[in-house]
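Please look through the sequence and the structure below before reading on. The paragraphs after them go from the whole chain to its sheets, helices and ligand.

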Amino acid sequence: MLSVDGLTVRADSAELVHQVSFAIAPGERVGLIGESGSGKSLTALSLMGLLPEGVTASGTARLGERDLVGVPESRIKDLRGRELSMVFQEPMTALNPLMRIGAQVAEVMTLHGRSSPEARARALDLLGRVRLPDPEQIFRAYPHQLSGGQRQRVMLAIALANEPRLLICDEPTTALDVTVQKQMLELIAEVAPALLFITHDLAVVASVCERVLVMYGGRVVESGPIREVFTRPRHRYTEGLLAASKLTPRGTRLPTIQGNVPPAGHFPDGCVFRNRCPQATTACEQVPALTGDGHAHACWHPAD
Ligand SMILES: Nc1ncnc2c1ncn2[C@@H]1O[C@H](COP(=O)(O)OP(=O)(O)OP(=O)(O)O)[C@@H](O)[C@H]1O
């Protein structure tokens, strides 16, 4: 559905993103990870036609039959918010502080041709769909009257308003506290038609996506199914990311956990951490959603 081929982003003479290629199938959820400055946001902004002034993209990116790169602003404007849309990290900067929430959700639909009464009715529906409590009250509220998590749900409602084929999320939960973050991630995974999810948090990517692209220095250095990349990273940079993450790197000695320890060597089917701890008697702790593949990554070691 989305195919990106040789995407290159430049600012003056500097090449910031080099020859990035990847594809996303309908319904697929793909993570884009990498350290700060590796080119994740510029890659996403190129697809949205939202690059900052003085920054240009070349190469090809197609959503279905439509070109996204190198087309006039009027064409990309027509697609943005309709065929593909984006949720950013900080909703307060994306929402208009002077406009009621309902009107902001409705506006994105009237801009793309719906009648005003239809757009308002659908806006109310959408506020319920992103599980905002009391959608009618939220509809009449101003952005400052909402919590950070609620504002981010509003942004998701806006992004989904025209039933896009692809949703792009750029660190959408970084500013939220852990419980709200978890709920938001579950919601995104549930409602996204197809997803490009940008984050530097590997546990988040494991919980939301099926496949991952790893960016380093403006290049995609590795890609594949989450389980494969996280258990057998081929690039040293990916190994470093894993070691620095909350996920258990190979050979880490974790503290012995007392209590009801599962049988030695027991891993639930599909555990991505199965081969990561060769040192000892290991087992996975069944803690849903901690890492997203359905269980936690804790390993038990025999007491020293
Ligand atoms: N407007 C700009 N002009 C020049 N260079 C830019 C511009 N915007 C970004 N860059 C540079 O391009 C590189 C990639 O930036 P980008 O924002 O895509 O990184 P990122 O991986 O999304 O980082 P983060 O996780 O911090 O958001 C960085 O070195 C950044 O300094």
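The UniProt record, an unreviewed entry, lists residues 2-242 as "domain: ABC transporter". UniProt positions are given here in the numbering of this text, feature names are shortened, and annotations may be inferred rather than shown by experiment. Residues are numbered from 1 along each chain as its sequence is written. This is a predicted model, in which local features need pLDDT of at least 70, side-chain atom pairs count only at pLDDT 80 or more, and totals for chains, interfaces and linings use all residues.

How confident is the predictor? The pLDDT, its confidence in each residue from 0 to 100, has a mean of 80 over the chain, and 80% of the residues reach 70 or more. Over residues 249-304 the pLDDT is below 50, although this stretch has 92 contacts beyond near neighbours in sequence; a contact means that two C-beta atoms, placed from the backbone, lie within 7 Å. Where pLDDT is low, the predicted coordinates should not be read in detail. The model scores ipTM 0.97 and pTM 0.81.

The span 2-242 is 40% helix and 27% strand, and its end C-alpha atoms lie 28 Å apart. Helices (H or I, at least four residues) and strands (E, at least two) are DSSP runs, numbered from the N terminus.

Strands of a sheet pair through backbone hydrogen bonds, either parallel or antiparallel. Two strands count as paired if DSSP finds at least two bridges between them. One open sheet has six strands in the order β6-β7-β8-β3-β9-β10, with mixed pairing. Its edges are β6 (84-87) and β10 (219-225); each has a single partner strand, so one side of each is left without a neighbour in the sheet. From one strand to the next the twist averages 20°. Within this sheet, β3 (residues 29-33) and β9 (residues 211-216) run parallel and share four bridges. Val30 stands opposite Arg211 in β9.

Helix α11 (residues 236-244) packs on the sheet and touches β3, β9 and β10, at about 105° to β9. Such angles run from 0 to 180 degrees between N-to-C directions, with axes fitted to C-alpha atoms, for helices over the stretch in contact. Helix α7 (residues 148-160) lies across β6 and β7 (166-170), at about 175° to β6.

Another open sheet, of four strands, has the order β2-β1-β4-β5 and antiparallel pairing. Strands β1 (residues 2-11) and β4 (residues 55-63) are joined by eight bridges. Ala11 has Val55 in β4 as its bridge partner.

Ala11 also appears beside the ligand: with Ser36, Lys40, Ser41 and Leu42, Ala11 is among the nearest of 13 residues around the ligand. Here a residue is near if its C-beta atom, placed from the backbone, lies within 6 Å. Helix α1 (residues 40-48) gives the largest share of this shell, three residues.

Methods: pLDDT is the predictor's confidence in each residue, from 0 to 100.
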